[in-house]
Amino acid sequence: MVIAGLTGSIGTGKSTVAAMFQDTGAIVIDADKIAFDVVQKDKPAWKEIVGHFGEKVLGPDNEI
């Protein structure tokens, strides 16, 4: 089994390469998506972040 990490700046093709990996049968774990999901409104991490930093971190839609 090969374990690889895929990193890079915005617009460098990470999503394209990840899709290519998936097409060959690789399991892709998208840390950006996980990080986005856990801070959705009213989830535990959202509550902790807002509790720590206050409502100044929220946008008009109450999302972080």
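A salt bridge is taken here as a side-chain nitrogen of Lys or Arg within 4 Å of a carboxyl oxygen of Asp or Glu. The model is predicted, so local features need pLDDT of at least 70 and side-chain atom pairs pLDDT 80 or more, while totals for chains, interfaces and linings use all residues. Residues are numbered from 1 along each chain as its sequence is written, and side-chain values use heavy atoms, with hydrogens and water left out.

By this rule, the count comes to 1 salt bridge. Asp37 pairs with Lys33, their closest N and O atoms being 2.9 Å apart. The two residues are 4 apart in helix α2, which means a separation of about one helical turn; helices are DSSP runs (H or I, at least four residues), numbered from the N terminus. Both partners are partly exposed (between 20%, under which a residue is buried, and 50%, over which it is exposed; 1.4 Å probe, protein chains only): Asp37 has a relative accessibility of 27% and Lys33 one of 46%.

Helix α2 spans residues 31-38 and also holds Val38, which is partly exposed at 41%. Val38 joins Ile27, Ile29 and Ile34 in a nonpolar surface patch with about 450 Å² of accessible area together. Such a patch takes residues with over 30% relative accessible area and no salt bridge, nonpolar side chains (Val, Leu, Ile, Met, Phe, Trp, Tyr) being joined within 5 Å; areas come from the Shrake-Rupley method with a 1.4 Å probe, only the protein chains shown counting as cover.

Key. Patch = residues over 30% accessible without salt bridge, like charges linked within 9 Å, V, L, I, M, F, W, Y side chains within 5 Å.
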